[in-house]
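Visitor: I'm new here, and I'd like a close look at just one part. Please pick a spot, stay with it for a while, and then show me what lies around it.

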Amino acid sequence: MNIENNLSNALQAGVPASIVRRDFLRALSAAGAAALAGGAPQLLASPSQSDSLGEIEQPRPTADACILLWMGGGMAAPDTFDPKGYLPFEKGLPVKEMLSTFPAIDTAVDGLQICQGLENIAAVMDRGTLIRSHVQPDLGSILHSRHQYHWHTGYVPPQTVAAPHIGAWMSRMLGAPNEVMPAFINVGQRLEGVGESEELKAFTTAGFFGSEFGPMNLPYPDQAAVSVRPPQGMKSQRFADRDKLFRRLVDASPDRDRMSDYQQESLLRSMDAAYRLLSSKDREAFDITLEPKESYDVYNTGRFGQGCLLARRLVESGARFVEVTTEYVPFLNFDTHANGHTTMARMHSEIDRPIARLIRDLEDRGLLDRTLVIVASEFSRDALMEGKPGSNANDQATEKVDEISEMKHYGLHRHFTAGSSVLMFGGGMKRGHVHGATAPQRPLVAIEDPVSIEDLHATIMTAMGISPRTGFQIEGRPFYVTPDGKGQSVEALFA
């Protein structure tokens, strides 16, 4: 059953987006229910064996940990890491002439410029690799949830299998360097009450791998310490008794008949891991108030900045994969359907200092070489075009004008999938390197060395020591890290 094609055909036939969204959710729910009923996924081949793709060799890792800094909502590349022609706000300015709404500034790399407002990141660009040719497919309707699902799992949704998040792949294949620490931690994204919450939950999971490989969700970094501390006044014996009671409740759950033994045991193992953490001194890594004031103040631009600080502390203590997000909430943060320039100026101020300080701190601690830091988003933005050239996607901008008459018109308000930027630091990547390019004039499509999601994932996994062809048998069919195991690592990015 090709769910993706069915949804795309429905959109092209004029079915309202609300109905398509409902069908999308129904299909995701079915995949989730199937995951609960599924047995233990079986690794298709060990490093010394082979499958239908031939011999599988796990690559030598260049990174031990990964931090994904997720710019949720569609970060406009021309207003961040890929500046184009700049024209300041002026009443009567034709929208078709608006490319970047921030002037370009120099960086620590000769000849490389990024946008004004990112001065601190500019100063550490000599430690990074900038991909300017990341491309996403046209999924018929440019829904954030579908594109975010695709980016985080490598698979276009909805799928008949609950696809694991890339962090879950690392958790399953590599575990955590410190067995007390969760291998996969998700920081800054609320999953309730923020719009599209069910879609967010669909990819923020371990999928068919089971609960033990899923994320520890910490929506508020400043409250992370509370999450790893028994309730106030609870003595250790009472805490232990609660753990035993929980196990009995799981076994007596009315949902028990719908869960396979593997999934139930995975849930209990995840509780075991949580119990160990709450009983360990390593939980101090979650308490960002223990950070020296000077350092804390640099990071503290809000929840995202606090999340970057938390990520550094967690990786220092042995977490394998940490995602920190500016948080996706419809029409907020990087989701700039109106007031693009004003919103981007605020987002610059929220991300600039924390990202730069994270890179410097990792470097000062000798961790940057073995920690892969990625700054990415689900797609870019443009002033005129929705999707990519030739797309039939509906125009979702809320301010549709030909000339700018108010400040709210000034900015990049449409989703653009044909050329975006990804910034990578450490983890074996080149330093001071630029890969690919987009056109200098509209349409701002990738014109040199395009990098797909599949190949970007293959690169990330290769750096972490996981072959892109690694697969598991699930529901009677193979399921790979990259679709059909065909993602190709971009070797030109590695030092």
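**Strand β11 and its surroundings**

Guide: Let's start with a pair: Val 373 stands opposite Phe 425 in β14. Keep in mind as we go that this is a predicted model. Val 373 belongs to strand β11, residues 371–376, and that strand is our part for today. On this side, β11 pairs with strand β14 (residues 420–425) in the antiparallel sense, over 3 bridges.

β11 has another partner too, strand β4, which covers residues 65–70. Here the two strands run parallel, and 6 bridges join them. If you want a spot to find by eye, look for Trp 70, which stands opposite Ala 376 in β11.

Now, how much of β11 is covered? Mostly covered is the answer, with 6 of its 6 residues buried. Follow the side chains along the strand and you'll see Thr 371, Val 373 and Val 375 pointing one way. Leu 372, Ile 374 and Ala 376 point the other way, and these are buried as well.

What about the nonpolar packing in this model? The largest nonpolar core has 56 residues, and Leu 69, Phe 81, Ile 185, Phe 286, Leu 314 and Val 322 touch the most other members. Helix α12 (residues 340–364) gives the largest share of that core, 8 residues. Our strand shows up in a second, separate core of 49 residues: Leu 372 is one of its members, and so are Leu 191, Phe 321 and Val 481. As a rule, nonpolar side chains in soluble globular proteins tend to be buried together.

Back in the largest core, zoom in on Val 322. Leaving aside its neighbours within four places in sequence, Val 322 is in contact with Cys 66, Ile 67 and Leu 68, which sit within the β4 range of residues 65–70. Its contacts also include Ile 185, Val 187, Ala 311, Leu 314 and Val 315.

One last stop, at helix α5 (residues 166–174), where the buried residues are Ile 166, Gly 167, Ala 168, Trp 169, Met 170 and Ser 171. The axes of α5 and helix α13 (residues 453–463) come within 12 Å and cross at roughly 30°. That angle makes α5 roughly parallel to α13. The crossing is right-handed, and Ile 166, Trp 169 and Met 170 of α5 meet His 457, Ile 460 and Met 461 of α13. Just after α5, you'll find Gly 175 with a positive phi of about 65°.

Methods: Residues numbered from 1 in each chain as written. Predicted model: local features only at pLDDT ≥ 70, side-chain atom pairs only at ≥ 80, totals over all residues. Heavy atoms only, no water. Buried < 20%, exposed > 50% of the residue type's maximum accessible area, 1.4 Å probe, protein only. Helix = DSSP H or I, 4+ residues; strand = E, 2+ residues; numbered from the N terminus. Core = buried A, V, L, I, M, F, W, Y, C linked by side-chain atoms within 4.5 Å. Contact = heavy atoms within 4.5 Å. Pairing = 2+ DSSP bridges. Axes fitted to C-alpha atoms, helices over the stretch in contact; angles between N-to-C directions. Parallel < 35°, antiparallel > 145°, perpendicular 65-115°, else oblique. Left-handed = near helix turned anticlockwise from the far one by under 90°.
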